[in-house]
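Trainee: Could you take me through one part of this protein slowly? I would love a close look at the largest pocket and what surrounds it.

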Amino acid sequence: MSGSGLFFLVSIPLWDQFVGLMKHGLEFLATTTGSPGLAIIIFTVFIKLVLTPLNIRTIKSQREMQNLQPKIKALQKKYKDDRQKLSAETMRLYQEHNINPMASCLPIVFQLPIFWGMYGSLRALSGTVGGPFQDPFLWLPSLGHPDPLHIMPFVAAFFQLIQTRMSMPTG
């Protein structure tokens, strides 16, 4: 199974072809740019651009849900002893404002296979001997080996913090 290690994806038809397509795209970018690290960056930016409409929909849905929170809390206070009525009134409120409570988490379902495929293709590419993914990038001696200076976890945490701060409501 292309060495991805995700045992439950074995039963998904065309999974190996999907991972192979991503692998070929990364190899093409690495050969074209001359840098495996740059290829990963370009590929990631491309994927983020493709997923931008889903991310925008998620953020809008989360903000709409946050705007309804005072009304939902009022309903919870009003119908604290009647769970059925609370559920019915909450759903009515969602319908009134054209909000789907699942819309904020549904796009993740579409993103996960892309991330798993990226992981599988990078794992396969980093395991190949003599390919461009064995070349050094910045301070990394090879993209097939762990970061010897342990800088990448801090870089990832920093960018995750920035992304979290950007998605938080203002005020």
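Mentor: Happy to; we will begin with the whole chain, go on to the pocket, and then visit the packing around it. Keep in mind that this is a predicted model. The protein chain has five helices and zero strands, so read along the sequence it follows the pattern α-α-α-α-α. Of its 171 residues, 28% count as buried. If you look at contacts between residues at least 6 apart in sequence, 56% of them join residues at least 24 apart.

How far can you trust what you see? The mean pLDDT of the chain is 81, and 89% of its residues reach 70 or more. Confidence is highest in helix α1 (residues 15–33), at 90, and lowest in α4, at a mean of 83. Be careful with residues 1–5, where the pLDDT is below 50; this stretch still has 14 contacts in the model beyond near neighbours in sequence. Where pLDDT is low, the predicted coordinates should not be read in detail.

Now to the pocket itself. Rolling a probe the size of a water molecule over the atoms shows where empty space is left. The largest pocket holds about 1,700 Å³ of space. It is lined by 42 residues, and the closest to its centre are Thr44, Lys48, Phe159, Gln160 and Gln163. Three elements give two or more residues to the lining: α2 (36–78), α4 (106–127) and α5 (152–167). Of these, α2 gives the most, with 14 residues. What kinds of residue make up the lining of the largest pocket? There are 24 nonpolar, 15 polar and three charged residues.

Helix α2 is a good one to follow further. Leu54 is found in this helix, and it counts as buried because its relative accessibility is 19%, under the 20% cut-off. Not counting residues up to four places away in sequence, Leu54 touches Pro107, Phe110 and Gln111. Leu54 and Phe110 are 56 residues apart along the chain, yet their C-alpha atoms are separated by 8.7 Å.

The same helix also takes part in the largest nonpolar core, which has 14 residues. α1, α2 and α4 are the elements that give two or more residues to this core, and α2 gives the most, with six residues. Those with the most contacts inside the core are Met22, Leu26, Phe43, Ile47, Met118 and Phe133. Try clicking on Phe43: leaving aside its neighbours within four places in sequence, Phe43 is in contact with Met22, Gly25, Leu26, Leu29 and Met118. Apart from this core lies another, of nine residues, among them Leu75, Tyr79, Leu86 and Ile99.

Two of those names come back when you turn to Glu89, which lies in helix α3 (residues 83–96). Leaving aside its neighbours within four places in sequence, Glu89 is in contact with Leu75 and Tyr79. Is Glu89 buried or exposed? It counts as buried, because its relative accessibility is 13%.

To gather the thread, α2 gives the most residues to the lining of the largest pocket, and α2 also gives the most to the largest nonpolar core.

Technical notes:
Residues numbered from 1 in each chain as written. Predicted model: local features only at pLDDT ≥ 70, side-chain atom pairs only at ≥ 80, totals over all residues. Heavy atoms only, no water. 1 Å grid on protein atoms, 1.4 Å probe; cavity = no way out; pocket = protein on both sides within 12 Å on 5 of 7 lines; lining within 4 Å. Points joined across faces, edges and corners; volume = space filled by probe spheres on them. Helix = DSSP H or I, 4+ residues; strand = E, 2+ residues; numbered from the N terminus. Nonpolar A, V, L, I, M, F, W, Y, C, P; charged D, E, K, R; others polar. pLDDT = per-residue confidence, 0-100. Contact = heavy atoms within 4.5 Å. Core = buried A, V, L, I, M, F, W, Y, C linked by side-chain atoms within 4.5 Å. Buried < 20%, exposed > 50% of the residue type's maximum accessible area, 1.4 Å probe, protein only.
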